[in-house]
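Colleague: I am learning to read protein models, and I would like a close look at one part of this one. Please take me through it slowly, and explain each term when it first comes up.

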Amino acid sequence: MRIALGMAALGRPAYINLGRDTALPADRTPEAMREASFAVLDAAYAAGIRWVDAARSYGRAEEFVAAWLAERDVADVTVSSKWGYEYTADWRADATVHEVKEHSLARFDRQWAETQALLEVALYQVHSLTADSPLFADKDLQFQMSEIGVPVGFSTSGPAQADTIRRAFDIEVSGRRLFSAVQSTWNLLETSAGPALAEAHEAGARVMLKEVMANGRLAMQPPGPVADIAIRHGVGPDAVAMAAALAQPWADLVLSGAASVPQLYANLMPVELDVVDHELLRDLAEPPQEYWKHRSALSWN
């Protein structure tokens, strides 16, 4: 299956996805969120999903995944995680600052040790790499990443994703390309990374798509063509957004960020988009600067 489960909405009491506030328990204690995570992980596994993606900054996501793997005695699930952001909200949904980014050698060493203490990951990614990251000039950090014995990748965000992707895949350590995977935002409203992702796929890198629902905008506030196509196929708009991402031939994995079992099932509804559908969806993309400005204004809920 080319669908993976992302844990961004399940590992902490607050996140920016629209529709998340009503999908989760009103009581968002660690215990309640652990139970919600287990329910979605169980449903994802039953549906055939075998890849789970977490991050150090997703609250207790790594802890929840590790506990689920142990309690369910599951051995055939691939886990990836990310370093670079630190969760700072102390389990408060109303925190002023929820996470703090730092791409330093010290942060990498500490967070890699924290991840290793919980999980055996098959891919460890730089969280939200951008063109201004100090990682690009930090040879010691690059070397340390290359030595952990696990493939390393990076995720991207912001209006210059394409430039970041191309620049990151040019990094070499000891004559070998450092990164083997990229996880980028791609959805019907933000398609600008597409050409660079296609190039990465062609060069042999694993391409993962995140935020394919545009942080819930496509599911909760779908543009007219998305809503019309959903009605015609008898599914929700989220299934249309997922199908559009899966239709990209260079996408190896598409992440569902479902916060509940019903959301997951809705994401997974099969949709065969036809030529007319793709034509209707072709011009929905916003200018990248406008899209990312909108995203940055979303409130944590």
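What follows is a request about one strand and a single connected reply.

Colleague: Where does strand 6 sit in the chain, and are its residues buried or exposed?

Modeller: Before the strand itself, a word on what we are looking at: this is a predicted model, in which local features need pLDDT of at least 70 and side-chain atom pairs count only at pLDDT 80 or more, while totals for chains, interfaces and linings use all residues. Residues are numbered from 1 along each chain as its sequence is written, and side-chain values use heavy atoms, with hydrogens and water left out.

The protein chain contains 12 helices and 12 strands, where helices (H or I, at least four residues) and strands (E, at least two) are DSSP runs numbered from the N terminus. With 301 residues, a compact globule would be expected to have a radius of gyration near 19 Å, and the 18 Å of the protein chain agrees with that; the radius is taken over C-alpha atoms, and the rule is 2.2 Å times the number of residues to the power 0.38. Along the principal axes, the C-alpha atoms fill a box of roughly 55 × 40 × 40 Å. Of the 301 residues, 55% count as buried, a word that means under 20% relative accessible area, whereas exposed means over 50% and partly exposed lies in between (1.4 Å probe, protein chains only). Among contacts (heavy atoms within 4.5 Å) between residues at least 6 apart in sequence, 78% join residues at least 24 apart.

Now to your strand. Strand 6 covers residues 123–129, and seven of its seven residues are buried, so strand 6 is largely enclosed by the rest of the structure. One of its residues deserves a second look: Ser128, which belongs to strand 6, has a phi near 60 degrees, a positive value in a residue other than glycine, and at 7% relative accessibility Ser128 counts as buried.

Strand 6 has pairing partners, and two strands pair if DSSP finds at least two bridges between them. One partner is strand 3 (residues 78–83), which runs parallel to strand 6 and is joined to it by four bridges; here Ser80 has Leu123 of strand 6 as its bridge partner. Another is strand 7, which pairs with strand 6 in the parallel sense, again over four bridges. Within that pairing, Gln125 has Gly153 of strand 7 as its bridge partner, and Val126 stands opposite Phe154 of strand 7.

Strand 7 helps to complete the picture, since five of the five residues in it (residues 152–156) are buried, so strand 7 too is largely enclosed by the rest of the structure. Both of its faces are covered, with Val152, Phe154 and Thr156 buried on one side and Gly153 and Ser155 buried on the other.

Two residues outside these strands are useful for comparison. Trp91, in the loop between strand 4 (85–87) and strand 5 (99–101), also has a positive phi near 60 degrees although it is not glycine, and Trp91 is buried, with a relative accessible area of 18%. Ala117, by contrast, lies in helix 3 (residues 105–118) and is exposed, with a relative accessible area of 66%.
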